[in-house]
Amino acid sequence: MPTEIADHAIDPARVSAQAVAVVGKLRDAGFDAYLVGGSVRDLLLGRTPKDFDIATSATPEDVREVFDRARLIGRRFRIAHVRMGREIIEVSTFRRAMAPVANGNGDGGGQSPDEEPWPLLSAQGMILRDNAYGSIDEDAFRRDFTVNALYYDPVGHVVLDYCGGLDDIETRTLRLIGDAEQRFREDPVRLLRAMRFAAKLDLRLHPDTQAAIAPTRHLLAAVPPARLFDEFAKLFLSGHAERAMDLLTMHGLAEFLMLPRGVGEGEGDGEAFVRRALANTDARLGDGKPVTPAFLLAAFLWHEYLARAPHALTAQSGDQESLDAAAIAAIGTQRATLAIPRRHSYFIRDVWQMQPLLHRRTAPSVARALDHRRFRAAYDFLMLRAEVDPGLAELAHWWTAVQSEDRDALLEDLPTERRKRGRRRRRRYRGGERRSEAVATAP
């Protein structure tokens, strides 16, 4: 049975009115419903939730019957997205407790999502699909961390605590529910979630949770690259990227998320470059500026690209084919681990291949750079390079000043690129043009 706590730190005024409306409508339809997970945790920690999730006794199909603007998504975890005004509220059904024995070999057994009596596991104990529905009591113990297993009733203004999550919030402890090693084996992505929550919420790992990392971290190699890319973005775009990297490195998890970083020629240590990229990302998020995982990936793989294209910073337009090949190869080394979307790959290549253009300060190259759609990102990347390579300070300062100058006057003062000298091509005449010209001019 849960502990009902009425004396807690949640301010009802900070709870989404749309989320409360979804809870009310589900209850009016005869279902149980509560706010759950990260939103409850964040409210108790005095933070502003990014979004609000709801757990209910209604199945996804029931939710779609109750709400006209509901969309069912997912196969591994079937949930409903309910649109209320400008908000999308995620609604999940109470999950059933785990079966006592692994019950699958990865083929799904031909069952449809609403027919599964138990969560479907692989032979290694990894959850392949979890659409076995149960009660709120079972659902609480199916969640990953105690701080995420708190339910808030916005009508009665009470918190339901099944797993001691409130105590862990007070002591700022991150603890897996149940046997820690088994929970990591069920879903190895929980290893990365543990690092993210510890970094973002400033929580310390419970000793049992920490001890289970080393025996299970190798299981991350079996996680689909698409899921790992999602976790990469969440880890490093949370505003606590530097701390997340520290934790990943400390627990031997970084190698499962990205390639080791080498030493770059003339630009210092690749590790220092990546660290600066992480720090700048945290600073931009702190200032409310936009960020993209593509920029971070460009930083992570920059020295891999330089190793494959040593002439990259002195390249001319005629070298485009070799630069494209080097960029594709560098990005390809990461794709086996992270499923980098194609749009991000194009962004990375543009930023890299604009760097030599920024090094050439001639009228044509400056005009091309300023007109390029990736100019601002390429300029930011140059500034990042200059932070670890003092030799680029003057070039970075010049490009900063250029953006506040009159463009036409600037281009007039810059030198033009010299044309390559070579043998003068002989004019070719069609037909008998040369002969007729000679006849016409003969004495």
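Axes here are lines fitted to C-alpha atoms, for helices over the stretch in contact, and the angles between N-to-C directions run from 0 to 180 degrees. With that in hand, and remembering that this is a predicted model, the tour can begin at a pair of helices.

**First stop: α7 and α10**

Select α7 (189–201) and α10 (225–236), whose axes come within 10 Å and cross at roughly 5°. Because angles under 35 degrees count as roughly parallel, α7 is roughly parallel to α10. To see where they touch, show the side chains of V189, L192, R193, M195 and R196 on α7, together with R227, L228, E231, K234 and L235 on α10. Coloured by class, this contact shows 5 nonpolar and 5 charged residues, with no polar ones.

**Second stop: the largest pocket**

Keep R193, R196 and K234 selected and add D53 and E90, since these five residues lie nearest the centre of the largest pocket. The space in this pocket amounts to about 1,900 Å³, and 49 residues line it. Which elements should be highlighted around it, as suppliers of at least two lining residues each? They are α2 (38–44), β3, β5, β6, α4 (136–142), α7 and α10, and the largest share, 6 residues, comes from α7. If the whole lining is coloured by class, 23 of its residues are charged, 15 are nonpolar and 11 are polar.

**Third stop: the sheet**

From the pocket, move to the strands, and select the open sheet of 8 strands, in which the pairing is mixed and the order is β1-β10-β9-β2-β3-β6-β5-β4. At its edges are β1 (3–5) and β4 (70–73), each of which pairs on one side only. Looking across the sheet, one finds a twist that averages 35° from one strand to the next.

Within the sheet, pick out β2 (residues 33–36) and β3 (residues 53–56), which pair in the antiparallel sense over 4 bridges. One place to look is V36, whose bridge partner in β3 is D53; D53 is also one of the residues that lie nearest the centre of the largest pocket.

Now add helix α1 (residues 17–28), which packs on the sheet and touches β2, β3, β5 (79–84), β6 (87–93) and β9 (150–153). When α1 is viewed together with β2, the directions of the two make about 155°.

**Fourth stop: α11 and α12**

Next, select α11 (residues 241–250) and α12 (residues 270–286), whose axes come within 8 Å and cross at roughly 135°. This angle makes α11 and α12 oblique to each other. On α11 the contact is made by A241, E242, M245, D246 and T249, and on α12 by V274, R275, L278, A279 and D282. By class, the contact of α11 with α12 has 5 nonpolar, 4 charged and 1 polar residues.

**Last stop: the second largest pocket**

Stay with α12, which also supplies at least two residues of the lining of the second largest pocket, as do α13 (293–300) and α18 (375–388). The volume of this pocket is about 460 Å³. To find its centre, select N280, R284, P290, F295 and D380, which are the closest to it among the 20 lining residues. Which helix gives the largest share of this lining? That helix is α18, with 6 residues. A final colouring by class shows 11 nonpolar, 6 charged and 3 polar residues in the lining of the second largest pocket.

Definitions and conventions:
Residues numbered from 1 in each chain as written. Predicted model: local features only at pLDDT ≥ 70, side-chain atom pairs only at ≥ 80, totals over all residues. Heavy atoms only, no water. Pairing = 2+ DSSP bridges. Contact = heavy atoms within 4.5 Å. Parallel < 35°, antiparallel > 145°, perpendicular 65-115°, else oblique. Nonpolar A, V, L, I, M, F, W, Y, C, P; charged D, E, K, R; others polar. 1 Å grid on protein atoms, 1.4 Å probe; cavity = no way out; pocket = protein on both sides within 12 Å on 5 of 7 lines; lining within 4 Å. Points joined across faces, edges and corners; volume = space filled by probe spheres on them.
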